[in-house]
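Student: I have a structure to go through at the bench. Can we take it piece by piece?

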Amino acid sequence: RVRELIRACGVLYARNVSFTASIVGVPATAKDQEYAHELTQELARASYKERIAFTGAVRHEDLPQVLAKADVFVNLSLTGSLDKAVLEALIMRVPVVSTNEAFESLLRPVGLYIDSVEEEVVADAIVRAYGMPIDALSDTVRKTHSLSALIPAILRVL
């Protein structure tokens with residue numbers, strides 16, 4: 001759903017919102033490579049193209065430095081699973097905008113869960129998230145999703 005994020009950036013640009021966006025990761029399959037190619041072609045025609053960068057892969061050990069530079073983390077996934085990247089961003093105290101239902105109960109109360117990937121909705125959520133203090137949310141994630149919390153939970157099941 002990178003296309004939807006890019007189009008939301010177009011809304012931000014049209015609203016004269018100052019932003020830059022880094023799209024982190026690399027295509028995993030031939031279909032993903034095709035999609036990435038379509039996106040780069042679409043972005044090349046956009047007036048805000050210089051504000052968006054495809055940064056490629058990031059080594060896991062370098063992720064904290066990347067997240068430390070972020071003001072907002074956007075996850076438009078529909079996996080329904082607790083994406084580790086979202087948890088890592090929250091632990092680093094970066095507000096997360098997400099459509100992933102696995103995070104609905106955590107993010108909806110603070111207005112960061114969205115039900116739609118319409119570019120206006122995504123852009124509104126990004127603006128809402130910018131500068132939002134999420135210390136309590138970050139502490140909750142740290143307490144409930146750390147290894148020290150996960151291991152006892154697994155052992156109870158076993």
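Student: Before we start, what kind of model is this?
Tutor: Local features here depend on pLDDT. The model is predicted.

Student: Let's start with Asn16. Is Asn16 buried or exposed?
Tutor: Asn16 is found in the loop between α1 and β1. Exposed means over 50% relative accessible area. Asn16 has 71%, so it is exposed.

Student: What is the phi of Asn16?
Tutor: Most residues other than glycine have a negative phi. Asn16 is not glycine, yet its phi is positive. The value is near 65°.

Student: Where is Arg93, and how does its accessibility class come out?
Tutor: Arg93 sits in the loop between α4 and β4. Its phi is also positive, near 65°. Relative accessibility is 36%, and the class between 20% and 50% is partly exposed. Arg93 therefore counts as partly exposed.

Student: Now Arg3. Is Arg3 buried or exposed?
Tutor: Arg3 lies in helix α1. The cut-off for buried is under 20%. Arg3 has a relative accessible area of 18%, so it is buried.

Student: Which side chain makes a polar contact with the side chain of Arg3?
Tutor: Set aside residues up to four places away in sequence, and Arg3 touches Tyr35, Glu38, Leu39 and Glu42. A polar contact of 3.0 Å joins the Arg3 side chain to one of these. The partner is Glu42.

Student: How far apart in space are Gly10 and Glu119, C-alpha to C-alpha?
Tutor: Gly10 lies in helix α1 and is buried at 16% relative accessible area. In sequence, Gly10 and Glu119 are 109 residues apart. In space, their C-alpha separation is 8.2 Å.

Student: Which residues does Ala123 contact, leaving aside neighbours within four places in sequence?
Tutor: Ala123 lies in helix α6. Its relative accessible area is 0%, so it is buried. Its contacts are Ala8, Val11, Leu12 and Arg15.

Student: What separates the C-alpha atoms of Ala123 and Thr79?
Tutor: Along the chain, Ala123 and Thr79 are 44 residues apart. Their C-alpha atoms are separated by 21 Å.

Student: On to Asn100. Where is it, and is it buried or exposed?
Tutor: Asn100 is in the loop between β4 (96–98) and α5 (104–107). Its relative accessible area is 0%. Under 20% counts as buried, so Asn100 is buried.

Student: Which side chain makes a polar contact with the side chain of Asn100?
Tutor: Outside its neighbours within four places in sequence, Asn100 is in contact with Asn75, Ser77, Thr79, Gly80, Ser81, Asp83 and Tyr113. One of these pairs has a polar contact between side chains, at 3.1 Å. The partner is Thr79.

Student: Which element gives the largest share of the largest nonpolar core?
Tutor: In soluble globular proteins, nonpolar side chains tend to be buried together. The largest nonpolar core here has 40 residues; Ile6, Cys9, Tyr48, Ile52, Leu90, Val97 and Leu107 have the most contacts inside it. At least two core residues each come from α1, β1, α2, α3, α4, β4, α6 and α7 (135–145). The largest share, 6 residues, comes from α1.

Student: Which residues does Val97 touch, not counting those up to four places away in sequence?
Tutor: Val97 is among the residues with the most contacts inside the largest nonpolar core. Its partners are Val72, Phe73, Val74, Asn75, Leu112, Ile114, Ala125, Ile126 and Ala129.

Student: How much space lies in the largest pocket?
Tutor: The lining counts 48 residues. Leu5, Ser22, Ile23, Val24 and Val74 lie nearest the pocket's centre. The space in the pocket is about 1,700 Å³.

Student: Which element gives the most to the lining of that largest pocket?
Tutor: Several elements give two or more residues, including α1 (2–14), β1 (21–24), α2 (30–44) and β2 (52–56). One of them supplies 6 residues, the most. That element is α2.

Student: How many charged residues are in the lining of the largest pocket?
Tutor: Sort the lining by class. There are 30 nonpolar and 10 polar residues. The charged residues number 8.

Notes: Residues are numbered from 1 along each chain as its sequence is written. This is a predicted model: local features need pLDDT of at least 70, side-chain atom pairs count only at pLDDT 80 or more; totals for chains, interfaces and linings use all residues. Side-chain values use heavy atoms; hydrogens and water are left out. Helices (H or I, at least four residues) and strands (E, at least two) are DSSP runs, numbered from the N terminus. Buried means under 20% relative accessible area, exposed over 50%, partly exposed in between (1.4 Å probe, protein chains only). A polar contact is a pair of N or O atoms within 3.5 Å; within protein, one must be able to donate a hydrogen and the other to accept it, and residues adjacent in sequence count only if both atoms are side-chain atoms. Contact means heavy atoms within 4.5 Å. On a 1 Å grid over the protein atoms alone, a cavity is a set of points where a 1.4 Å probe fits but cannot get out, and a pocket is an open set with protein on both sides within 12 Å along at least five of seven lines; lining residues have an atom within 4 Å of a point. Grid points are joined across faces, edges and corners, and a volume is the space filled by probe spheres set on the points. Ala, Val, Leu, Ile, Met, Phe, Trp, Tyr, Cys and Pro count as nonpolar, Asp, Glu, Lys and Arg as charged, and the others, Gly among them, as polar. A nonpolar core is a set of buried Ala, Val, Leu, Ile, Met, Phe, Trp, Tyr and Cys residues joined through side-chain atoms within 4.5 Å.
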